[in-house]
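Open the model in your viewer and keep the selection panel at hand. We will walk from stop to stop, picking residues as we go.

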Amino acid sequence: MSSAGITKDSKIFVAGHRGMVGSAITRRLQAGGYRNLLLCSRREVDLLDQGAVRDLLQAERPDYVFVAAAKVGGIQANNIYRADFIYQNLVIETNVIHAAYHAGVRDLMFLGSSCIYPRDCAQPIKEAYLLTGPLEPTNEPYAIAKIAGLKLCEAFNHQYGTRYVSVMPTNLYGPNDNFDLQDSHVLPALLRKAHEGKQRGEHSLTVWGSGKPMREFLHVDDMADACVFLMENEVDERLFNVGTGTDVSIRELAQTIKEVVGFSGSLEWDAAKPDGTPRKLLDVSRLAARGWRANIALRDGIRSTYDWYVRNGARGA
Ligand code: GFB
């Protein structure tokens with residue numbers, strides 16, 4: 001595998017560098033010695049503003065772009081704020097990808113999501129299963145927007161010969177996650193519930209749904225490592241699943257979180273909340289064949305994320 005031509009002085013724009021994924025990519029780039037990062041807060045450049053994005057990229061002309069900016073949330077936020085999820089994600093990705101192309105950017109990485117795959121597709125899910133069946137209804141607007149982003153990259157590659165790569169992470173967790181109890185994903189929500197339950201001396205912890213759905217969890221530092229790995233190595237494919245290759249039930253996850261946090265109460269199930277997709281285990285063999293594997297075991301990742309939460313609190317709450 002040869003280098004894609006990235007050097008430590010290349011100008012790299014991380015769109016969404018304050019989010020969980022963007023901040024992890026930024027940390028990983030800085031640790032790798034990349035010293036010319038372009039980072040803009042929402043106050044400086046609103047990625048929903050087409051003109052502002054165009055002006056930024058025309059002025060800065062980065063060598064590489066990570067599209068890590070997105071409107072994200074857990075199953076309930078996706079299900080309620082359906083218009084915001086489809087609209088904001090479509091606009092952000094369209095603005096950034098289009099402006100990047102017109103600013104001469106040949107190399108870009110778009111962050112998709114494993115929920116773009118059909119709800120009931122064969123497991124583990126290969127990249128080739130995209131658009132082979134209906135989507136999970138609770139996050140269809142978000143998934144449609146992410147599929148559009150992927151197709152935007154594919155079309156630019158086809159028509160203009162760019163090298164825009166899309167990565168599909170499984171469920172991510174880690175530092176800078178959203179710990180809001182209504183809008184977050186399951187892992188940060190349960191960490192917070194267990195922590196607060198322990199502090200208040202409660203006897204039970206409420207978990208949404210049936211506990212039966214299976215989910216694959218990847219620490220965001222592993223995700224960032226995979227992104228930089230793909231940036232540094234020239235790859236022929238333009239679509240990569242990123243995950244650990246193993247999953248756990250929500251019941252097992254809740255049990256592990258109880259143990260890590262030291263909450264001794266029981267689990268109670270709120271059947272009024274949706275389960276969502278029954279299972280979405282990614283087939284990660286394409287990336288593994290290139291030489292990349294996840295490093296952080298789930299229990300270790302939960303422990304370090306819990307430490308982070310105790311030190312930093314619930315930023316999103
Ligand atoms: O993490 P989560 O919100 O997202 O929920 P999805 C995963 C599972 O955990 C569901 C259950 O079966 C939830 O019902 N769960 C149990 C909980 N307790 C809780 C809780 O307290 N909070 C939350 N949030 N869930 C999202 C998509 O789906 O995954 C997004 O909606 C995106 O579009 C993301 O793809 C990665 O895995 O179901």
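## Stop one: a charged pair

Select Asp270, which is partly exposed, with a relative accessible area of 21%. Keep in mind as you look around that this is a predicted model. Now add Lys273: the two form a salt bridge, and their closest N and O atoms are 3.5 Å apart. Lys273 is partly exposed as well, with a relative accessible area of 22%.

## Stop two: the ligand

Next, select the ligand and show the residues around it. Which of the 22 residues come nearest? They are Ile75, Lys193, Arg215, Pro274 and Asp275. By type, the shell divides into ten nonpolar, eight polar and four charged residues.

Now pick out three side chains and look for oxygen atoms of the ligand:

- Asn171 has a polar side-chain atom 2.9 Å from a ligand oxygen.
- Ser113 places a polar side-chain atom 3.1 Å from a ligand oxygen.
- Asn139 does so at 3.3 Å.

Switch on a surface here: on its own the ligand has 710 Å² of accessible area, and the protein covers 97% of it. Then colour by secondary structure. Helix H3 (75-80), helix H6 (186-200) and strand S7 (204-208) are the elements that each give two or more residues to the shell. The largest share, three residues, comes from H6.

## Stop three: more salt bridges

The whole structure holds 19 salt bridges. For a network of them, select Arg192, Glu196, Arg200 and Glu202, which are linked together.

Move on to Arg54 and Asp55, whose closest N and O atoms are 3.6 Å apart in a salt bridge. Arg54 counts as partly exposed at 46% relative accessibility, and Asp55 has a value of 46% too.

Then select Arg290 and Glu237, a salt bridge with its closest N and O atoms 3.0 Å apart. Arg290 sits in the loop between helix H9 (285-289) and helix H10 (298-312), and Glu237 in the loop between helix H7 (220-232) and strand S10 (239-242), so the pair ties together parts that are 53 residues apart in sequence. Glu237 is partly exposed, with a relative accessible area of 25%.

## Last stop: Lys11

Finally, select Lys11, in the segment before strand S1 (12-15). Is this lysine buried or exposed? Lys11 counts as buried, because its relative accessibility is 19% and the cut-off for buried is under 20%. Its side chain makes a polar contact with the side chain of Glu60, at 2.7 Å. Leaving out residues up to four places away in sequence, Lys11 touches Asn36, Leu38, Glu60, Arg61, Pro62, Asp63 and Tyr64.

Conventions: Residues numbered from 1 in each chain as written. Predicted model: local features only at pLDDT ≥ 70, side-chain atom pairs only at ≥ 80, totals over all residues. Heavy atoms only, no water. Helix = DSSP H or I, 4+ residues; strand = E, 2+ residues; numbered from the N terminus. Buried < 20%, exposed > 50% of the residue type's maximum accessible area, 1.4 Å probe, protein only. Polar contact = N/O pair within 3.5 Å; in protein donor to acceptor, adjacent residues only side chain to side chain. Contact = heavy atoms within 4.5 Å. Near = heavy atom within 4 Å. Areas by Shrake-Rupley, 256 points an atom, 1.4 Å probe, with all protein chains shown as cover. Nonpolar A, V, L, I, M, F, W, Y, C, P; charged D, E, K, R; others polar. Salt bridge = Lys/Arg side-chain N within 4 Å of Asp/Glu carboxyl O.
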